[in-house]
Amino acid sequence: QVQLVESGGGLVQAGGSLRLSCAASGGTFSSYGMGWFRQAPGKEREIVAAINWSGGSTYYAESVKGRFTISRDNAKSTVYLQMNSLKPEDTAVYYCAARRTVRAAYDAWGQGTQVTVSS
């Protein structure tokens, strides 16, 4: 089972940028599809972005399209989420997750990293 550790969260003003990283270990990272999710207080967890094993296919939630970019470096076993033009409504705990196939559920999760965007 792959283990995931997120980093890069913090406090930023609206309009600012952050880059989240998720380092994987214990599995064949290059074979996993990866996703970034977030959960704000009192709200359900939602998917933000996803990327397939090669990086050739990506998905974005409508709320982040054009502002966030997901990427991966299989040599470093790391997936990234570049977040630009941040808004207060982006405030949440951000999690990365892994799945073995596009039809499988995400079954490996990191511990989360807090992102707070001030207005």
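Leaving aside neighbours within four places in sequence, Arg99 is in contact (heavy atoms within 4.5 Å) with Tyr32, Gly33, Ala104, Ala105, Tyr106 and Asp107. Arg99 itself is found in strand β9; helices (H or I, at least four residues) and strands (E, at least two) are DSSP runs, numbered from the N terminus. The structure is a predicted model, in which local features need pLDDT of at least 70, side-chain atom pairs count only at pLDDT 80 or more, and totals for chains, interfaces and linings use all residues. Residues are numbered from 1 along each chain as its sequence is written, and side-chain values use heavy atoms, with hydrogens and water left out.

What is the nearest side chain of opposite charge to Arg99? That side chain is Asp107, 8.9 Å away, and Arg99 is buried yet has no salt bridge. Here, buried means under 20% relative accessible area, exposed over 50%, and partly exposed in between (1.4 Å probe, protein chains only). A salt bridge is a side-chain nitrogen of Lys or Arg within 4 Å of a carboxyl oxygen of Asp or Glu; for charge, Lys and Arg count as positive and Asp and Glu as negative, while His and the chain ends are not counted. A polar atom of the Arg99 side chain does, however, lie 3.2 Å from the backbone oxygen of Val102.

Strand β9 (residues 92-99) also holds Cys96, one half of a disulfide (a pair of cysteine sulfur atoms within 2.5 Å) that links distant parts of the chain. Its partner, Cys22, sits 74 residues apart from Cys96, in strand β3 (residues 18-25). The two sulfur atoms are 1.9 Å apart, and a search of the whole structure finds one disulfide. The torsion about the S-S bond is about 50°, so the disulfide is right-handed. Cys22 counts as buried, at 0% relative accessibility, and Cys96 counts as buried, also at 0%.

Turning to the start of the chain, Val2 lies in the segment before β1 (3-7) and counts as buried, at 6% relative accessibility. Not counting residues up to four places away in sequence, Val2 touches Ala24, Ser25, Gly26, Gly27, Tyr32, Ala98 and Ala108. Tyr32 is thus a contact of Val2 and also of Arg99.

Two loop serines deserve a look for their backbone angles. Most residues other than glycine have a negative phi. Ser77, in the loop between β7 (68-73) and β8 (78-83), has a positive phi of about 50°. Ser85, in the loop between β8 and β9, likewise has a positive phi of about 50° and is partly exposed, with a relative accessible area of 40%.

Definitions and conventions
A polar contact is a pair of N or O atoms within 3.5 Å; within protein, one must be able to donate a hydrogen and the other to accept it, and residues adjacent in sequence count only if both atoms are side-chain atoms.
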